[in-house]
Structures are given as structure tokens and as C-alpha cells.
Amino acid sequence: IEPQKVELLVDEVLTQYLLIPLYDMHFGVNTYDDLLIKITDIVRNTYEEILIVVGGDYLHVDNLNNTTVKGTQLESVDFTKMIEDGVWFLKSIVKVCLENSPCVKLVYLPGNHASSNDFIITWGVGQTFDDLDCDVAIEQFKHAWLGKHSIFLHHGDKIKNEKRLLEVMVAKYAREWGESQSRYLVTGHFHHEKSLAFGGLTHYQMMSPARNSQYE
């Protein structure tokens, strides 16, 4: 992969931060042309830092047999189109972010559907762009900064109890917790939206933009 340089197209950026949480996208049974346009419009407001999270289940199946990583049989998908759509969407978002922010970060989280292919796509896109800060470590629990704000990340399938998940994050990232101006936990997996505030933390469970599948 030959890295490409993306020029920053703006002279000044606003002192604000943007999180783009791509949880449970399920490419293969879904496409997102309209969503890309909406995200692009937001990104062009300019941001000091942008964090893009491939938060698990980015693709619908993990292999040509149309199963998840654990072997659960799912409906058939066009595997080639799934890969092409997933790569195109993520590369498009990263490119417009690099054009409108001097600091863009990309983080991978393993999910329960297609963790292998999600990793390969995120790694590949990370190699494609210069000046992209990319975290593709294969870890279930992660931390990222947006300014002085802590973003704690988990797909949502390994620990489903919010308070137990809070305990894990505090234990794993005690220093980051103490240095934070504010703290956010972002998860997915359940496909519906929920927000809670507890223990000095705001938890956002992201709604999936995917259309209904066998899971629903």
C-alpha cells in the first residue's frame, strides 16, 4: 500500500472535537451513501481533532461461508461488494476528515461478527494515509483522547453491565481517568440507543444505522 498525502484544505479550524462512532454498520446487508453525505457535511464544520471509531461489526460476515467469527450462520451476502463498500466508505470518511482537521485518529475495536475482516480493513485504511493516527491493536477495551476528554471504548458484547464495564475501564486506565477533564464511554452491539450518566462517566450506547437482519 502506497500512503497518500491529503492536504488540509482549511486555514483555520474551530476549537471543537468530533467523534464518529461507526458501530454495527453491517456492510454486506447495508450501504450508506446518504449517511456518508451527512457525515461529510458535519466534518466540513472543521474540528481541532476528529476521532473515528470502527467499533465492531463493521462488516456483516467474517468469511465466504457467511458466518460470524464464532461460526453463527447468517444470510448470504455479496462478499466482494461488502468489502468494496466497507473500504470505500471508511476511506471516504478519513479523507474528508484529513481535509478539514489537523488531527485525525482512527481506532479499531473487535466485535462479534467480523472482527478479522474489520481489522484488515481498518489496518489497510490506516496504511493508506499519511498523518493518520491509527490504533489497530487487537484489544477489547480501549482509551482515546479528544483534547483533554477521555473516550473509553468497547464493542459492548464482552461486558454488558455498565457498572462492571466502568470498573474495568477505571482499573485499566487509572492515569487517564485522573487526567481527564470529562469522561465518555461509547459502546454498541445492542443496535438501539441509550445514554446514562453515572460514576463521573457519561455512557453512550450507539444505535446501529443498519436495516433489520436476522438478529432483530
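Trainee: How do S3 and S4 pair, and over how many bridges?
Mentor: Strand S3 (residues 104-108) pairs with S4 in the parallel sense, over four bridges. Two strands pair if DSSP finds at least two bridges between them, and helices (H or I, at least four residues) and strands (E, at least two) are DSSP runs numbered from the N terminus.

Trainee: Which residue of S4 is the bridge partner of Lys105?
Mentor: Asp133.

Trainee: Anything to know about the model itself?
Mentor: This is a predicted model, where local features need pLDDT of at least 70 and side-chain atom pairs count only at pLDDT 80 or more, while totals for chains, interfaces and linings use all residues. Residues are numbered from 1 along each chain as its sequence is written, and side-chain values use heavy atoms, with hydrogens and water left out.

Trainee: OK, what's the strand order in the sheet?
Mentor: S1-S2-S3-S4, an open sheet of four strands with parallel pairing. At the edges sit strand S1 (17-22) and strand S4 (132-135), each pairing on one side only. From one strand to the next, the twist averages 15°.

Trainee: Which strands does H1 touch?
Mentor: H1 packs on the sheet against S1 and strand S2 (49-54), and its direction makes about 165° with that of S1. Angles run from 0 to 180 degrees between N-to-C directions, with axes fitted to C-alpha atoms, for helices over the stretch in contact; contact means heavy atoms within 4.5 Å.

Trainee: And H3?
Mentor: Helix H3 (residues 115-128) also packs on the sheet, touching S2, S3 and S4, with its direction at about 160° to that of S3.

Trainee: Switching to helix pairs: at what angle do H1 and H2 cross?
Mentor: Roughly 10°, and the axes of H1 (residues 33-43) and H2 (residues 79-100) come within 10 Å. That makes H1 roughly parallel to H2 (angles under 35 degrees count as such).

Trainee: Who makes the contact?
Mentor: On H1, residues including Leu35, Leu36 and Ile39; on H2, Trp88, Phe89 and Ile93 are among them.

Trainee: What's the mix by class?
Mentor: Nine nonpolar, three polar and one charged. Ala, Val, Leu, Ile, Met, Phe, Trp, Tyr, Cys and Pro count as nonpolar, Asp, Glu, Lys and Arg as charged, and the others, Gly among them, as polar.

Trainee: What covers the buried residues of H2?
Mentor: The cover includes S1, H1, S2, S3, H3 and S4. Phe89, Ile93 and Glu99 are among the buried residues of H2, buried being under 20% relative accessible area (1.4 Å probe, protein chains only).

Note on methods. Angles under 35 degrees count as roughly parallel, over 145 as roughly antiparallel, 65 to 115 as roughly perpendicular and the rest as oblique. Buried means under 20% relative accessible area, exposed over 50%, partly exposed in between (1.4 Å probe, protein chains only).
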